[in-house]
Amino acid sequence: MPQNWDVIIVGAGHAGCEAALAAAKMEQNTLLLTQSVDQVAAMSCNPAIGGLAKGHLVKEIDALGGAMGLVADATAIQFRTLNQKKGAAVQATRCQSDMLVYKTVMRRRIEGQNKLVLKQAEVIGLLEERGRINGVLTQLGEQLSAKTVIVTTGTFFNGLIHIGDRRFPAGRAWDFPSLTLPEELKSLGLKMGRMKTGTTPRLDRRTIDFSKLEVQPGEKPIKPFSFWETSVPLPQVPCHITYTGKASQKIIEDNLHRSAMYSGAITGIGPRYCPSI
Ligand SMILES: Cc1cc2nc3c(=O)[nH]c(=O)nc-3n(C[C@H](O)[C@H](O)[C@H](O)COP(=O)(O)OP(=O)(O)OC[C@H]3O[C@@H](n4cnc5c(N)ncnc54)[C@H](O)[C@@H]3O)c2cc1C
């Protein structure tokens, strides 16, 4: 394991994967360090890629030679263009991808890329010399130097999960949070804030009577994300829509005081989150 690198990237989420592939394609010896190699490019919540504002971002990344659009196409199981009744400027591509296949395909790209090494390690500190960051310190005590260090630790810094009236530190659900590196960045004078998002409970499809739901098929013909030569090989599936009624409204009203959103337990701000209701 070399100790000296051109570029070290901390965190193999969506941002870290793009940064690592871009650096390696520019002939830089690149090391991508991440807490779990089984969670490379993991999707946090629903399996959507794109949507309003985010779809434009995916297409821009694609136009710049990035991987997300190609991997989204390769793993998509449904495509839709949102806001079709409105003007072209506010329309957006969104696909649902198979979450497990997505992270497998992205990991394969990372591991197949020349000049790029993926390694499992938590970074707990930054090395500094004369006011310049020149490396990282891992949880196992390794000191690795680099001309450039890129931190793409996403949603994990001081991560905290609320489930009803319970809360515990975590990155994504059941992943470790990153607790030491944020302190290090604070000590360098960087300001930290907290943002929030929400996510729905996962449902067991065996408990759902699909015959009572509204079917929402995907779009035909499919308009993929990527502008390059791309393919959509997986079989396409529909989404299903349901609505709340009086019974579900009563359950919510009777239990509102247990919701972290309403009890005052959540203090972070967020531009928008994915509420269950
Ligand atoms: C509960 C929840 C639900 C969400 N739902 C959606 C959704 O439905 N749709 C949507 O588009 N977006 C959703 N998001 C947002 C989406 O997950 C993020 O925008 C996206 O993951 C950010 O990508 P990223 O690469 O910046 O970071 P992340 O995907 O968070 O990846 C960061 C990576 O860095 C690693 N890491 C962190 N600290 C260290 C360290 N010290 N050393 C080494 N590795 C480290 C982590 O292990 C992780 O692999 C949701 C987020 C959350 C938390």
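**Sheet.** I began with strand E3 and found that three bridges join E3 to strand E5 (residues 92-97), the two running antiparallel. I noted alanine 48 opposite glutamine 96 in E5. The model I am reading is a predicted one.

I then looked up the sheet as a whole. It is an open sheet of three strands in the order E3-E5-E4, and the pairing is antiparallel. I recorded strand E3 (48-50) and strand E4 (76-82) as the edge strands, since each pairs on one side only. For the twist I have an average of 25° from one strand to the next.

**Ligand shell.** I next listed what surrounds the ligand and obtained 30 residues, of which Gly11, Gly13, Cys45, Gly154 and Ser178 are the closest. Helix H1 (14-25) and strand E2 (30-34) are the elements that give two or more residues to this shell. I entered H1 as the element that gives the most, with three residues. Sorted by class, the shell holds ten nonpolar, 18 polar and two charged residues.

**Nonpolar core.** I turned to the largest nonpolar core, which has 43 residues; Ile8, Cys17, Ala20, Leu32 and Ile110 touch the most other members. H1 gives the most to this core, with six residues. I thus have H1 entered twice, as the element that gives the most to the ligand shell and as the one that gives the most to the core.

**Cysteine 17.** Which residues is cysteine 17 in contact with, leaving aside its neighbours within four places in sequence? I found Ala12, Val40, Ala41, Ala67, Met106 and Ile110. One of these, Ile110, I had already listed with Cys17 among the core residues that touch the most other members.

Terms used
Residues numbered from 1 in each chain as written. Predicted model: local features only at pLDDT ≥ 70, side-chain atom pairs only at ≥ 80, totals over all residues. Near = placed C-beta within 6 Å. Helix = DSSP H or I, 4+ residues; strand = E, 2+ residues; numbered from the N terminus. Nonpolar A, V, L, I, M, F, W, Y, C, P; charged D, E, K, R; others polar. Core = buried A, V, L, I, M, F, W, Y, C linked by C-beta atoms within 7 Å. Buried ≥ 20, exposed ≤ 12 C-beta atoms within 10 Å, placed from the backbone. Contact = placed C-beta atoms within 7 Å. Pairing = 2+ DSSP bridges. Axes fitted to C-alpha atoms, helices over the stretch in contact; angles between N-to-C directions.
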